[in-house]
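This report describes the side-chain interactions of one protein model. It takes salt bridges before aromatic pairs and ends with the overall fold.

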Amino acid sequence: MTVFELGPALAAHERAVAERVQRRASVSHTVITRAVADAFVARAATLRTDADRAELLDWLAQICAGYGDVAALREVVEALPDALASSLFELTGEALPAAPLDALARDVRLVVERAWRPLVRHARAHLDEVDARIDALVMRLESRDPLSSEHSRAVAAWCSRISRRLGLDAHEVTFATRCGLLHDVGKALTPLEVLNAPRGLSEAEWKIMRAHAAAGERLVRGIPELRTFAPAVRSHHERLDGRGYPDGLPASAIPLTARIVAVADCFNAMIGRRPYRLPMQPTRALEELVRNRGSQFDPEIVDAMVAVVDG
């Protein structure tokens, strides 16, 4: 798809979308982050061709170069495509096409990576702090439920392998891996009698269990170094057909990384041990992923998972 048309969907809702994008993308509501969010939405509303997209990316590169000393700006810029998709869906119920949105998000991350590359020492220190914060949350989960932390580490490994199979760059692979580690941290707040129930859950217990996605988002968003991972943590149980939770988002309104985590999470849950059932054979688990390909799971990511497992 060479034409990326957002204009018709945004035309009547640009102001309201911009306000939501500010809230979703901005880790710090400064004058600069608000202005960048507003301008991004306005420019997105004019996208029609690849040339328009190139012009948008060139503008972002200039913003990154001009405001490289604004610590929050990198996370804000990287969050803009997903925030745009989710915000428009909230307002109109209209889901944007996933493939061009994913391509735009990858382009934006590449622009950011190039712009901040000269700040390697600072970036390395930041990443070290990110890993330390992630480790602290995973250890908190492990102290309450070792099985969930073991599952999270396995999901992170699957996310890494899936991302590489999809052809994502090193930065995106690392990002997806960290999202896999963090996806279930909200279960640190789930009652143990629900987490470790030796049987199927009742409807009331399922409601408590499903709350872990939003709880995890709150935990992650409360740590400045980890806020960029919050959307994937919140949305890893969303479905392409809009029947997931906690927000019922469809297709492109679900961040790409959340779609990767969803496949890795479900596969590892099926092949892993649970208090109430025996592990499923990997071939059977893959059959379940394929059966739900296109309704629950992103088809391209399911195909990557199958290729990874089949070797």
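In this predicted model, the count of salt bridges comes to 20.

**Salt bridges**

Three of the pairs are listed here with the separation of their N and O atoms.

| Pair | N to O distance |
|---|---|
| R133 and E129 | 3.1 Å |
| R153 and E142 | 3.4 Å |
| D241 and R239 | 2.7 Å |

The salt bridge between R133 and E129 is internal to helix 7, which spans residues 120–144. The two residues are four positions apart, or about one turn of the helix. R133 has a relative accessibility of 34% and is therefore partly exposed. E129, with a relative accessible area of 33%, is also classed as partly exposed.

R153 forms a salt bridge with E142, and their closest N and O atoms lie 3.4 Å apart. This pair links distant parts of the chain, with R153 in helix 8 (residues 146–165) and E142 in helix 7, eleven residues apart. The relative accessibility of R153 is 37%, so R153 counts as partly exposed. E142 is partly exposed at 27%.

In the salt bridge of D241 with R239, the closest N and O atoms are 2.7 Å apart. Are the two partners buried or partly exposed? D241 is partly exposed, with 32% relative accessibility. R239 has a relative accessible area of 15% and is buried, because buried means under 20%.

Salt bridges also join into a network, whose members are E217, R221, R234 and D247.

**Aromatic rings**

How many aromatic pairs does the model contain? The count is two. In one of them, the ring centres of W158 and F267 are 5.1 Å apart and the planes stand at 85°, so the arrangement is edge-to-face. W158 belongs to helix 8 and F267 to helix 14 (residues 256–271); the pair links distant parts of the chain, 109 residues apart. Both W158 and F267 are buried.

The rings of F175 and F229 have centres 5.0 Å apart, and their planes meet at 20°, so this pair is stacked. F175 sits in helix 9 (residues 170–182), while F229 is in the loop between helix 12 (212–221) and helix 13 (230–235), so the contact ties together parts that are 54 residues apart in sequence. F175 and F229 are both buried.

The description of such pairs follows a general convention: a pair of aromatic rings is described by the distance of the centres and the angle of the planes.

A charged side chain also lies over a ring: R210 is placed over the face of Y245, at 5.9 Å from the ring centre.

**Overall fold**

The secondary structure comes to 16 helices and zero strands. The protein has 311 residues, of which 49% count as buried. Among contacts with a separation of 6 or more, 68% are between residues 24 or more positions apart. The exposed area of the protein is about 14100 Å², and carbon and sulfur atoms supply 53% of it.

The links described above include the W158 and F267 pair, which spans 109 residues, and the R153 and E142 pair, which connects helix 8 with helix 7.

Note on methods:
Residues numbered from 1 in each chain as written. Predicted model: local features only at pLDDT ≥ 70, side-chain atom pairs only at ≥ 80, totals over all residues. Heavy atoms only, no water. Buried < 20%, exposed > 50% of the residue type's maximum accessible area, 1.4 Å probe, protein only. Contact = heavy atoms within 4.5 Å. Areas by Shrake-Rupley, 256 points an atom, 1.4 Å probe, with all protein chains shown as cover. Salt bridge = Lys/Arg side-chain N within 4 Å of Asp/Glu carboxyl O. Phe/Tyr/Trp six-rings, centres within 6.5 Å; stacked < 30°, edge-to-face > 60°. Lys NZ or Arg CZ within 6 Å of the ring centre and 35° of its normal.
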